[in-house]
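Subject: Structure for you to look at

Dear colleague,

Here is the structure I promised to pass on, with the sequence alongside. Please open it first, and then read the notes below with it in view.

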Amino acid sequence: PPPLQVKNKAPAEVQITAEQLLREAKERELELLPPPPQQKITDVEELNDYKLRKRKTFEDNIRKNRTVISNWIKYAQWEESLKEIQRARSIYERALDVDYRNVTLWLKYAEMEMKNRQVNHARNIWDRAITTLPRVNQFWYKYTYMEEMLGNVAGSRQVFERWMEWQPEEQAWHSYINFELRYKEVDRARTIYERYILSLLVIVHPDVKNWIKYARFEEKHSYFAHARKVYERAVEFFGEEHMDEHLYVAFAKFEENQKEFERVRVIYKYALDRIPKHEAQNLFKNYTIFEKKFGDRRGIEDIIVSKRRFQYEEEVKANPHNYDAWFDYLRLVESDADAETVREVYERAIANVPPIQEKRHWKRYIYLWVNYALYEELEAKASKRTRQVYQACIELIPHKKFTFAKIWLLYAQFEIRQKNLPLARRALGTSIGKCPKNKLFKGYIELELQLREFDRCRKLYEKFLEFAPENCTSWIKFAELETILGDIDRARAIYELAIGQPRLDMPEVLWKSYIDFEIEQEEYEKTRNLYRRLLQRTQHVKVWISFAQFELSAGREGSLSRCRQIYEEANKAMRNCEEKEERVMLLESWRNFEEEFGTDTTKERIDKLMPEKIKKRRKLQAEDGSDAGWEEYYDYIFPEDTANQPNLKLLAMAKLWKKQQQESEAAEMDPDKDIDESQS
């Protein structure tokens, strides 16, 4: 026969899995099962037959799997329901032979005996259970509870004592203590607490809460001296290595309840000085609350200071080279602590020398020494220690690699305040010999100037200029000093030496100072010579303008013509200058001069010299040589330049053509206006 053709091969809309099929079959099978018939037993034979069948079923189940304890328990409970206690007891014994470690089996066995008021049998079972499995606390709890319910207090106490010999967990001890307290046996409870605390000494990680419970037990029964002794023993037991804030908080609250406020304050401070900050949050909180309730303003401030001190201690322990943290810590300590404490913190701070001998790593560190020295001098008033701090700092700095002029100068100023001028000069002289710096020379010269030791100043300037001949400021200051002292020739010689140096850092400032010096001395010819010498070196527009303004300000006959002549020379000299903006600047300065002092002819002449400003475009190139577009810039066309004459004519013609185009467009836009004009 031909094979069957499947017309629709698409998956069904509702998919059914094999698991679902099996589940549904199981559910329907249960539904189809008829309910068991109700059996009514009418005589003894029928009852015995029923018992025989049930026992056979239970025995078969046990025989199939002896380790399933639930089968044994069901069997025993069925026998118990028939009041066959002896048979049930036999079943439990057989089950215990199979698995004597099963806790549920022991509990069910003992509960059966207790339910049927077989007290001695129950005791026997509990004794066997706690002997076989002494670490199962449930047996002990049930046993002691049974004895207590029977009124056998001595028997219950005896069971507790047997339990305590196994060193159980803390809840067992507290259960024993609570048992004694229920019968008002406070002394016995205290004895149990003592035994428990002694057992904790053997444990590797004892818990603080057990000590606290013991102390609160004593406090509750008004044995305050005993409670205090317990707290003190706990503090001694844990020591400083295993300190816990909860113990100190509880101790402080106990003392607070006893109105011993000084004791409370001592406890809090002792704990705060030894427990790390991140572990003492609750301690700080309770201390703050206590001070707000019973303390004064000073006490509250002490709390805040202590809290911040802990915070800074943690920061500097985490990173000893965090100098900003040291600064904050020292500022806090200086505001509150005594001098010895402040010195101790300073010594700890300066001991953290930067590991790398590079100046950038020492810049923050060196201020620790500065602040230390200033504290010793200004706050502690200890000049001897201040001198030792400065000397130790100077010895520590590697002067061959770098130095700090600030330290040398502060040391010298300190010695001057102590009226010890030779030591100050020796310090500055040593600094210049070991590690000369501009700041050191300037500071030393400033010191000698204040002391009016001008010969020393001259020698220092000579040394300074030998060290840094390119420093124009030093040359100027040296010349000004000689000018003040009235030695004009010496000052002029210094200026001449300065401008003759092959390399200068600010030559324009030096030349300006020399020129101003000659002007002050009213040496106009020498000033002109200076300008000419300067123009031989540079043709900068500002030099020309300054030269012209000098001639104008000279105030003598012919100053206007000389000034105009300078402008003429400058214009000729700058025709070939590439920087057209400088030439424009010169012409604008010339035009301002002519507008103020010139005639109409000279004004008209300078106007003809002014350039035309035009906008141009140029092509840009990127770094890799590719085209980067166009940019606009302004250019200047000077009428004087013959090469630019055609450009000017072309520019004028372009402007005229553009004006005509704008007029014609305006006429086309407004024809009525043309008609009105023709009629008029």
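A good place to begin is a polar contact of 3.1 Å, which joins the side chains of Thr403 and His399. Please keep in mind throughout that this is a predicted model. Thr403 sits in the loop that runs between helix H21 (383–396) and helix H22 (405–417), and with a relative accessible area of 4% it counts as buried, because the cut-off for that class is under 20%. If residues up to four places away in sequence are set aside, Thr403 touches Lys359, Ile397, Trp408, Cys435 and Lys437.

For the overall picture, the protein chain has 35 helices and two strands, and buried residues make up 38% of its 680 residues. Its accessible surface comes to about 42,500 Å², with 50% of that belonging to carbon and sulfur atoms. Among the contacts between residues at least 6 apart in sequence, 47% join residues that are at least 24 apart.

Next come the charged pairs. A search of the whole structure finds 31 salt bridges, and one of them is formed by the side chains of Arg157 and Glu180, at 2.8 Å from N to O. Arg157 belongs to helix H8 (residues 153–164) and Glu180 to helix H9, so this pair ties together parts that are 23 residues apart in sequence. Both partners are buried, Arg157 with a relative accessible area of 15% and Glu180 with one of 1%.

Helix H9 itself deserves a moment. How far apart should the ends of its 13 residues be? At 1.5 Å a residue, helix H9 (residues 170–182) should span 18 Å, and its end C-alpha atoms are indeed 18 Å apart, so expectation and model agree. The buried residues of H9 are Ala172, Trp173, His174, Ser175, Tyr176, Ile177, Phe179 and Glu180. After H9 comes Lys184, whose phi is positive, near 60°.

A second salt bridge links the side chains of Glu255 and Arg228, again with 2.8 Å from N to O. Glu255 lies in helix H13 and Arg228 in helix H12 (residues 224–238), so the pair ties together parts that are 27 residues apart in sequence. Glu255 is buried, and so is Arg228. Helix H13 (residues 245–257) also holds Phe251, which is buried with a relative accessible area of 8%. Leaving aside neighbours within four places in sequence, Phe251 is in contact with Arg228, Tyr231, Glu232, Val235 and Ile267, and Arg228 in that list is the salt-bridge partner of Glu255. The C-alpha atoms of Phe251 and Tyr268, which are 17 residues apart along the chain, are separated by 9.3 Å.

A further salt bridge, between the side chains of Arg331 and Asp328, has an N to O distance of 3.0 Å. Here both residues lie in helix H17 (residues 323–336), three residues apart, or about one turn of the helix. An α-helix has 3.6 residues a turn, so residues three or four places apart point the same way. Arg331 counts as exposed at 54% relative accessibility, whereas Asp328 is partly exposed, with a relative accessible area of 28%. Elsewhere, salt bridges that share partners join Glu340, Arg343, Glu376 and Arg385 into one network.

Two further places are worth finding on your screen. In helix H6 (residues 119–132) you will find Arg123, which is partly exposed, with a relative accessible area of 24%. Not counting residues up to four places away in sequence, Arg123 touches Tyr143, Met146, Glu147, Leu150 and Asn152. Of these, Glu147 is 24 residues from Arg123 along the chain, and the C-alpha atoms of the two are separated by 8.8 Å.

The other place is a nonpolar surface patch of about 320 Å², made by Val14, Ile16 and Leu21. Ile16 is located in the segment before helix H1 (18–32). Is Ile16 buried or exposed? With a relative accessible area of 53%, Ile16 is exposed, because that class begins over 50%.

With best wishes

Key
Residues numbered from 1 in each chain as written. Predicted model: local features only at pLDDT ≥ 70, side-chain atom pairs only at ≥ 80, totals over all residues. Heavy atoms only, no water. Helix = DSSP H or I, 4+ residues; strand = E, 2+ residues; numbered from the N terminus. Expected span 1.5 Å × (residues − 1). Buried < 20%, exposed > 50% of the residue type's maximum accessible area, 1.4 Å probe, protein only. Patch = residues over 30% accessible without salt bridge, like charges linked within 9 Å, V, L, I, M, F, W, Y side chains within 5 Å. Areas by Shrake-Rupley, 256 points an atom, 1.4 Å probe, with all protein chains shown as cover. Salt bridge = Lys/Arg side-chain N within 4 Å of Asp/Glu carboxyl O. Contact = heavy atoms within 4.5 Å. Polar contact = N/O pair within 3.5 Å; in protein donor to acceptor, adjacent residues only side chain to side chain.
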